[in-house]
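Please open the model in a viewer and keep the sequence panel beside it. The tour proceeds by selections, each followed by a description of what is found there.

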Amino acid sequence: DTFCVWSQMEQQAVTKQINQMVAFIKQEANEKAHEILIKAEEEFNIEKLRLVEQEKIKVRTEFERKHKQIEIQNRIAFSNEVNAARLKVLQARDDVLNEMKKVVMQQLQTRGGDPKNAASKELLSKLILQGLYQLMEASVVVRCRKSDSTLVGGLIKDAAAQYKQHTGKDVAVTLDSVNFLPASDDPHDPCAGGVKLYTPDGKIAVDNTLNARLQVVLAQKLPDIKIMLFGRSLQRKHIDSDI
């Protein structure tokens with residue numbers, strides 16, 4: 001009986017010890033599992049933050065790229081609009097200048113070859129004399145419009161005399177009665193009046209037509225004309241005093 005009682009006590013002690021060991025192992029396992037879960041959750045959160053931040057960077061980069069692209073497109077569009085507007089302004093100014101040239105040319109064509117007009121006669125005389133001074137040749141051929149041939153023919157002798165009076169040199173001036181300058185109503189190259197002077201071989205010439213004189217005046221006075229018509233340019237910093 002005593003042995004049986006001791007045996008039962010020993011078995012209970014072993015069972016209790018085993019139960020304690022099992023409880024300890026379970027506790028250790030639970031604690032380890034809890035640690036693993038916490039670590040896994042931390043790693044998950046870290047990875048999640050990394051991925052979120054990575055995507056944020058991608059989104060920001062893409063946004064900046066598109067924003068910069070839009071800015072460039074807007075600048076190009078604005079520049080194109082400014083250039084187009086500037087071209088329209090320049091074209092409009094050219095149209096005004098061309099219209100002005102047409103009006104002046106029409107007035108020259110109306111007054112340039114009227115033999116009854118004293119100013120026209122005086123102008124032709126000065127143009128012939130100026131051409132003689134420019135050529136400084138002993139023999140000169142004068143060409144004019146057919147409608148002006150009688151008037152010019154009457155001015156040649158006096159122009160030669162004035163030339164000799166001022167230079168002391170004789171000059172033989174002849175009127176070209178075969179080749180004439182275009183008429184004022186010529187459809188291709190109308191001449192408003194004036195003369196052209198040539199050496200007899202035709203190698204040297206002086207263009208003293210009203211068309212040529214108009215081009216010279218326009219070239220010299222174009223800046224002033226533009227200021228009169230359109231005002232001074234706000235972008236121009238330097239203004240020539242002799243223009």
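The stops below go from the whole chain to the sheet, then to the helices and to single residues.

**The whole chain**

Begin with everything displayed as a cartoon, bearing in mind that this is a predicted model. The protein chain comprises 4 helices and 4 strands, and from the N terminus the elements follow one another as α-α-β-α-β-β-β-α. Colour by accessibility next: 20% of the 243 residues count as buried. If a contact map is available, consider the contacts with a separation of 6 or more; 70% of these link residues 24 or more positions apart.

**The sheet**

Select the four strands together. They form an open sheet in the order S2-S1-S3-S4, and the pairing is mixed. Strand S2 (172-175) and S4 are the edge strands, each of which pairs on one side only. Averaged over the sheet and with direction ignored, neighbouring strands are turned by 20 degrees against each other.

Now restrict the selection to strand S3, residues 194-198. How many of its residues are buried? The strand is mostly covered, with 4 of 5 residues buried. Add strand S1 (residues 139-143), which pairs with S3 in the antiparallel sense through 3 bridges. Here arginine 143 stands opposite lysine 196 of S3.

Then add strand S4, residues 205-209, on the other pairing of S3. S3 and S4 run antiparallel and are joined by 5 bridges. Two facing pairs may be labelled: lysine 196 is opposite aspartate 207 in S4, and valine 195 is opposite asparagine 208 in S4. Lysine 196 thus has arginine 143 facing it as well as aspartate 207 of S4. With side chains shown, a general point may help in reading the view: in a regular strand the side chains alternate between the two faces of the sheet.

**The turn between S3 and S4**

Move to the hairpin, where 6 residues lie between the two strands. Glycine 202 adopts a positive phi near 75 degrees in this hairpin. Select threonine 199 next, in the loop between S3 and S4. Is this residue buried or exposed? Threonine 199 is buried, its relative accessible area being 4%. Beyond its neighbours within four places in sequence, threonine 199 is in contact with Leu135, Glu137, Ser139 and Ile204.

**Helices on the sheet**

Display H2 and the sheet together. H2 packs on the sheet and touches S1, S2, S3 and S4; the direction of H2 makes about 20 degrees with that of S3. Helix H4, residues 210-230, also packs on the sheet, touching S3 and S4. The direction of H4 makes about 85 degrees with that of S4.

Within H2, select glycine 131. This glycine is buried, with a relative accessible area of 0%. Apart from neighbours within four places in sequence, its contacts are Leu197, Val206 and Asn208. A distance may also be displayed from glycine 131 to tyrosine 198: their C-alpha atoms are 9.0 Å apart, although 67 residues separate them along the chain.

**H2 against H3**

Select helix H2 (residues 118-135) with helix H3 (residues 149-167). Two packed helices are described by the angle between their axes and the distance between the axes. The axes of H2 and H3 come within 9 Å and cross at roughly 50 degrees, which makes H2 oblique to H3. The crossing of H2 and H3 is right-handed.

Show side chains at the contact. H2 contributes Lys121, Leu124, Ser125, Ile128, Leu129, Leu132 and Tyr133. From H3 come Leu151, Val152, Leu155, Asp158, Ala159, Ala160, Gln162, Tyr163, His166 and Thr167. Coloured by type, the residues of this contact divide into 11 nonpolar, 4 polar and 2 charged.

**The loop after H2**

Finish at methionine 136, in the loop between H2 and S1. Which sign does its phi have? The phi of methionine 136 is positive, about 55 degrees, although the residue is not a glycine. With a relative accessibility of 40%, methionine 136 counts as partly exposed.

Note on methods
Residues numbered from 1 in each chain as written. Predicted model: local features only at pLDDT ≥ 70, side-chain atom pairs only at ≥ 80, totals over all residues. Heavy atoms only, no water. Axes fitted to C-alpha atoms, helices over the stretch in contact; angles between N-to-C directions. Parallel < 35°, antiparallel > 145°, perpendicular 65-115°, else oblique. Left-handed = near helix turned anticlockwise from the far one by under 90°. Contact = heavy atoms within 4.5 Å. Nonpolar A, V, L, I, M, F, W, Y, C, P; charged D, E, K, R; others polar. Buried < 20%, exposed > 50% of the residue type's maximum accessible area, 1.4 Å probe, protein only. Pairing = 2+ DSSP bridges.
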